[in-house]
Amino acid sequence: MKPEKAEARDQGGASAQAPGQYPGRGGVRAEVESATDSRTKAEPSGLMEAVCERGNLMLAYQRVVRNKGAAGVDGIDVAGFKDHLKQHWPTIKAKLLAGKYIPQAVRRVDIPKPQGGVRMLGIPTLTDRLIQQALHQVLSPIFEAGFSESSYGFRAGRSAHQAVKAAKQYAAEGRRIVVDMDLEKFFDRVNHDILMGKIAGKVADKRVLRLIRRYLEAGMMADGVVFPRRQGTPQGGPLSPLLSNILLTELDQELERRGHAFCRYADDCNIYVRSQAAGERVLASITRFLGERLKLTVNSTKSAVAPLWMRAFLGYSLSWHKAPRLRIAPGSQKRLKAKIREVLKGARGRSLSHIIGELNPVLRGWAAYFRLTETKRALEEIDGWLRRKLRCLVWRQWKRPYTRARNLMKAGLVEERAFRSAFNQRGPWWNSGASHMNQALRKSFFDRLGLVSLLDTTRRLQGLS
């Protein structure tokens, strides 16, 4: 599985909406839903008029500006976006209503994956992000009713936390074997014709269909050269998550038809069965189904049939107990430590309070996402490791043995022990874990500086919920 995606989307609160998700504002939402729900394919559709309606566009503009993000190929950022729209929007709107608008190419950005390799993002221009968001807000109510109850990704009122809780419930019911399916380069392999066929089944407005097709086929710019695209829907635009749910709804329906218990978050899909043999059969048959019906490939090296406690889902894993408990997956712990190391790089010239100020947003977001954990060992271990890293940094900053001895005495150590510790000729990491530094810089010292404790924060959040 690829838990880093869900972590990145849900940190700071599991219910936080992802870019492109329907914001759920009452007045405009009701207006858009009433404008779309009444249309059928048999009647002339004014869907593009609903997309370009002022209230819908204002809502989309607020979302795009709030999400900030990098500029596209035109170089226009959030600061200059409003002035750009004042000048060009009347022309753009006229082209949209006439069905003649041509999107600009997306800017390619490669993001390293924790497991190796890169994830390719396609960053649209802010104008195209605005149009995609406006499309999303109108199309989402049309397709939402057909989505599965077991689909949790990029949907209003749904979150990774709900998916993890459902997985725990399946395990408690005795489905302790998981079919962990990884779709190989899903966003790069989406078949345009199959996807457009599914959209055309519910959307009659040919202008909207042509616009979506153009977004799918918009070129990708890398190193100043634009490359054409004939398949895939690159991550990075507000419309991409909705399109992925539309395509994979057929997979959800097939799993429901067969009576399987499953959880899907975007392209991460786990199916829960009662035996290894049943899991092997399900994996083989669903692999054939995806290849024949959706032209998608299951990555055989990353997919597996295994006991629940041996796999991770959205950053969590489950214990082997009869009443399973949610735990933080080892991979999630490694990724947090890697982020902390990045913050601490080159930190020797900065004050401890400044470094803690940089660390705290990362720690708060991580604790908020993993507040469902039912074991404290991982939290205690990371808290202790981080405090040791900071003690190591302080030891390096003290530099000279006499400075170290003086500061240890200020922290309460007797003179003889302070000098013996300062002149022990051991390395910084050894000293950061030794008793003299633990006594000098206790947890209470870091608490006074405002360092976020993962254990304390998760307990507080659990108490609030």
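**Exercise 1. Find the residue in β7 that is the bridge partner of I177, then place the pair in its sheet.**

Solution. This is a predicted model.
Step 1. The bridge partner of I177 in β7 is V273.
Step 2. Look at the strands. β3 (residues 177-182) and β7 (residues 268-273) pair in the antiparallel sense, over six bridges.
Step 3. Widen the view. The open sheet has four strands in the order β6-β7-β3-β8, with antiparallel pairing.
Step 4. Find the edges. β6 (261-265) and β8 (304-307) each have a single partner strand, so one side of each lacks a neighbour in the sheet. The twist averages 20° from one strand to the next.

**Exercise 2. Describe how α7 and α11 lie on the sheet.**

Solution.
Step 1. α7 lies across β6 and β7, at about 160° to β6.
Step 2. α11 touches β3, β6 and β7, and its direction makes about 170° with that of β6.

**Exercise 3. Decide how α11 is oriented to α12.**

Solution.
Step 1. Two packed helices are described by the angle and the distance between their axes.
Step 2. The axes of α11 (residues 240-257) and α12 (residues 276-294) come within 11 Å and cross at roughly 140°. Therefore α11 is oblique to α12.
Step 3. The crossing is right-handed.
Step 4. Check the contact. It has eight nonpolar, no polar and three charged residues. Among them are L247 and E250 in α11, and F289 and R293 in α12.

**Exercise 4. Is S151 buried or exposed?**

Solution.
Step 1. S151 sits in the loop between α6 (126-144) and α7 (160-172).
Step 2. Its relative accessible area is 0%. Buried means under 20%, so S151 is buried.
Step 3. Leaving aside neighbours within four places in sequence, S151 contacts R158, N245, D252 and R264.

Key. Residues numbered from 1 in each chain as written. Predicted model: local features only at pLDDT ≥ 70, side-chain atom pairs only at ≥ 80, totals over all residues. Heavy atoms only, no water. Helix = DSSP H or I, 4+ residues; strand = E, 2+ residues; numbered from the N terminus. Buried < 20%, exposed > 50% of the residue type's maximum accessible area, 1.4 Å probe, protein only. Contact = heavy atoms within 4.5 Å. Axes fitted to C-alpha atoms, helices over the stretch in contact; angles between N-to-C directions. Parallel < 35°, antiparallel > 145°, perpendicular 65-115°, else oblique. Left-handed = near helix turned anticlockwise from the far one by under 90°. Nonpolar A, V, L, I, M, F, W, Y, C, P; charged D, E, K, R; others polar. Pairing = 2+ DSSP bridges.
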